[in-house]
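These are my notes from a session with one structure. I went through the sheets, a helix pair and a few loop residues in turn.

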Amino acid sequence: MPDLATNATPMLDIRHLRIEATSFPPGEAPRNVVLVDEVSVSVQKGKVLGLIGESGAGKSTIGLSSMSYGRGGVRLTGGEVLLNGRDIRQADGAALRVLRGKEVTYVAQSAAAAFNPAKRLMEQVIETTLHHRVMTRAEAEKRAIELFKKLGLPNPETIGNRYPHQVSGGQLQRVMTAMALCPKPDLVVFDEPTTALDVTTQIDVLAAIKDAIRDTGVAALYITHDLAVVAQIADNILVLRHGKAVEYGTTDQIINHPQQAYTQALVSVRSIDHNEKLATTPILQVASVTARYRGTNFDVLKDVTVDLSPGQTLAVVGESGSGKSTLARAITGLLPPRAGEIRFDGRVLSADLANRTKDDLRELQMIYQMADTAMNPRQTVASIIGRPLEFYFGLSGEAKRVRLQELMDQIEMGAGFADRYPAELSGGQKQRVCIARALAAKPKLIICDEVTSALDPLVADGILKLLLDLQAREGVAYLFITHDLATVRAIADRIAVMYKGQVVRYGQKSDVLSPPFDDYTDLLLSSVPEMKLGWLEQVIKSRKMESAGN
């Protein structure tokens with residue numbers, strides 16, 4: 001590894017770090033697992049180190065080691081973790097309690113899960129600062145308000161009086177950043193702080209975090225699996241895989257001159273070249289659909305009209321709350337529209353799922369965002385994929401086994417996976433099983449609801465290529481719901497841009513992605529992170545409107 005240190009003493013200096021845990025496989029003896037192996041890295045005051053890699057690479061585990069902490073039975077078993085010159089691996093519990101929340105603070109991936117819903121924001125933001133007696137309550141509240149201003153939060157003087165549910169996701173993530181910066185720490189660990197946000201909101205949060213780091217002079221670890229994101233904020237980057245360091249260098253070197261094959265693959269991800277197909281006679285027609293949720297007095301879908309041809313992909317894009325998933329619910333019958341109609345393969349679909357025929361159910365399938373919650377954890381892969389074969393076609397015995405093997409081959413998973421349970425699969429493998437379950441019904445249309453948003457870029461790339469290959473072979477149409485414009489470019493034939501329940505731009509991909517743009521489409525397109533240094537500042541400067549989540 002190259003030595004990137006300057007003459008300054010590192011704020012954090014990790015040397016030959018080794019982290020282990022104990023695995024307890026069912027029916028087997030416990031065994032030790034090495035999570036992080038011989039990793040060395042350092043961070044100077046006022047600098048940002050990006051930790052990047054796929055799930056399980058050891059990013060968060062290394063980040064938490066900067067507090068000498070291992071969650072869920074994880075143990076730091078080797079090396080040194082020097083914070084301000086002292087090895088905190090050797091510190092006792094009392095010393096660590098003083099250190100955590102004062103010298104080192106942490107920003108979690110999901111701010112919504114990290115806040116107490118019963119306490120006002122200000123009470124939570126200043127809690128650690130008061131606990132460590134860094135300043136008085138009046139001083140802490142004054143600093144919190146200054147940070148709210150610095151982070152671009154609306155009504156900084158009064159936003160602290162709100163509860164967590166009274167602010168948007170992007171605002172709550174910035175409030176959490178204020179909480180981490182309030183006690184004036186030496187080091188902040190940002191653990192995937194923008195992963196759960198829309199691209200438009202993500203830009204606001206990234207810019208706010210970058211400005212706050214620059215203005216406070218704090219050192220930071222920024223953990224993510226998105227190289228384009230970390231390129232906007234980090235000075236140096238450490239690429240990790242399977243707990244080992246793959247490549248370590250300046251951001252410019254990693255982005256523009258990667259040396260290792262794995263880093264090169266990360267840099268070139270989403271290079272799928274998909275030529276759009278022209279529309280033919282539609283298989284799905286959504287005509288002037290308006291819908292609202294029961295018990296509410298406002299429409300979440302407003303006069304939506306789109307159509308989709310056989311064997312093609314319609315991408316429905318927009319921010320959270322724009323109506324994308326609600327449209328899917330209306331099409332599937334889970335949310336009966338109060339106006340308009342939905343035609344499928346030449347027939348009008350019943351508005352209510354309960355009144356649809358078995359063919360309606362079979363020919364229109366859905367793949368969900370979170371594969372973990374979409375599968376029964378107590379069923380094997382064979383049972384999960386086999387259920388539609390029994391329900392729709394009455395297959396059993398050898399015929400079912402043969403068809404099951406065909407589906408496993410289609411999703412590029414061998415027969416050895418058939419007897420595994422969901423917990424024994426990776427995120428990408430789980431999503432492939434969900435794809436196979438949908439294909440088992442021999443559908444004409446599959447609704448894909450954010451199916452790659454929870455996956456690492458390389459894994460997501462593999463899923464998109466698989467979907468395109470299956471579409472070419474099976475002729476299935478996709479309605480692809482996403483807020484990721486890189487995914488849209490890779491897979492779509494037509495695009496519908498949604499904003500506050502309405503379709504604001506619609507047509508062939510080449511037309512929708514070509515100027516002139518309305519302000520909202522321009523905002524969406526310009527907010528897709530690019531692997532280019534200085535891109536963040538450029539896009540903020542050229543924006544024509546704020547995101548709805550801001």
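How many bridges join strand 6 to strand 7, and in which sense do the two run? I looked this up in the model, which is predicted. I found 4 bridges, with strand 6 and strand 7 (residues 187-191) running parallel. I then picked out one pair: Val107 has Phe190 in strand 7 as its bridge partner.

**Entry: the six-stranded sheet**

I next traced the sheet that holds these strands. It is open, has 6 strands in the order 6-7-8-3-9-10, and its pairing is mixed. I noted the edges: strand 6 (104-107) and strand 10 (244-250) each have a single partner strand, so each has one side without a neighbour in the sheet. From one strand to the next, I get an average twist of 15°.

I also checked what covers this end of the sheet. Helix 6 (residues 169-181) lies across strand 6 and strand 7. Relative to strand 6, helix 6 runs at about 175°.

**Entry: the four-stranded sheet**

I turned to another open sheet, with 4 strands in the order 2-1-4-5 and antiparallel pairing. Strand 2 (31-43) and strand 5 (86-87) are the edge strands, and each pairs on one side only.

I followed strand 1 (residues 12-23) on both of its sides. With strand 4 (residues 75-83), strand 1 pairs in the antiparallel sense over 7 bridges. With strand 2, strand 1 is again antiparallel, over 10 bridges. I took Leu12 as a reference point: Leu12 stands opposite Leu83 in strand 4 and opposite Val43 in strand 2. Further along, I found Ile19 opposite Leu76 in strand 4.

**Entry: helix 4 and helix 5**

At what angle do helix 4 and helix 5 pack? I read about 125°, with the axes 10 Å apart, for helix 4 (residues 121-131) against helix 5. The two helices are therefore oblique to each other. I recorded the crossing of helix 4 past helix 5 as right-handed.

I listed the residues where the two helices meet. Helix 4 contributes Met122, Glu123, Val125, Ile126, Thr129 and Leu130. From helix 5, the residues are Arg137, Ala140, Glu141, Ala144, Ile145 and Phe148.

**Entry: the loop between helix 5 and helix 6**

I looked at two residues here. Leu151 is in the loop between helix 5 and helix 6, and Asn155 lies in the loop between helix 5 (137-150) and helix 6.

Is Leu151 buried or exposed? Leu151 has a relative accessible area of 1%, so I put it down as buried. Leaving aside neighbours within four places in sequence, I found Leu151 in contact with Arg174, Thr177, Ala178, Ala208, Ile209 and Ala212. I also checked Leu151 against Leu206: they are 55 residues apart in sequence, and their C-alpha atoms are 9.8 Å apart.

Asn155 is partly exposed, with a relative accessible area of 46%. I flagged its backbone: Asn155 is not a glycine, yet phi is positive, at about 50°.

**Entry: other backbone exceptions**

I kept the usual expectation in mind: most residues other than glycine have a negative phi, and most peptide bonds are trans.

Glu450 has a phi near 55°, a positive value in a residue other than glycine. I placed Glu450 in the loop between strand 17 (445-449) and helix 17 (457-474). Glu450 is buried, at a relative accessible area of 9%.

Which peptide bond did I note as cis? The bond from Pro515 to Pro516 is cis, with omega near 5°. Pro516 sits in the loop between helix 19 (509-512) and helix 20 (519-526).

**Entry: Ser309**

I ended with Ser309, in the loop between strand 12 (301-308) and strand 13 (313-317). Ser309 is buried, with a relative accessible area of 1%.

What does the side chain of Ser309 reach? I found the backbone nitrogen of Thr280, at 2.9 Å. Setting aside neighbours within four places in sequence, I listed the contacts of Ser309 as Ala279, Thr280, Thr281, Pro282, Ile283 and Ala477. Thr280 thus appears in my notes both in this contact list and as the residue whose backbone nitrogen the Ser309 side chain reaches.

Key. Residues are numbered from 1 along each chain as its sequence is written. This is a predicted model: local features need pLDDT of at least 70, side-chain atom pairs count only at pLDDT 80 or more; totals for chains, interfaces and linings use all residues. Side-chain values use heavy atoms; hydrogens and water are left out. Two strands pair if DSSP finds at least two bridges between them. Axes are lines fitted to C-alpha atoms, for helices over the stretch in contact, and angles run from 0 to 180 degrees between N-to-C directions. Contact means heavy atoms within 4.5 Å. Buried means under 20% relative accessible area, exposed over 50%, partly exposed in between (1.4 Å probe, protein chains only). A polar contact is a pair of N or O atoms within 3.5 Å; within protein, one must be able to donate a hydrogen and the other to accept it, and residues adjacent in sequence count only if both atoms are side-chain atoms. Angles under 35 degrees count as roughly parallel, over 145 as roughly antiparallel, 65 to 115 as roughly perpendicular and the rest as oblique. A crossing is left-handed if the near helix is turned anticlockwise from the far one by less than a right angle, and right-handed if clockwise.
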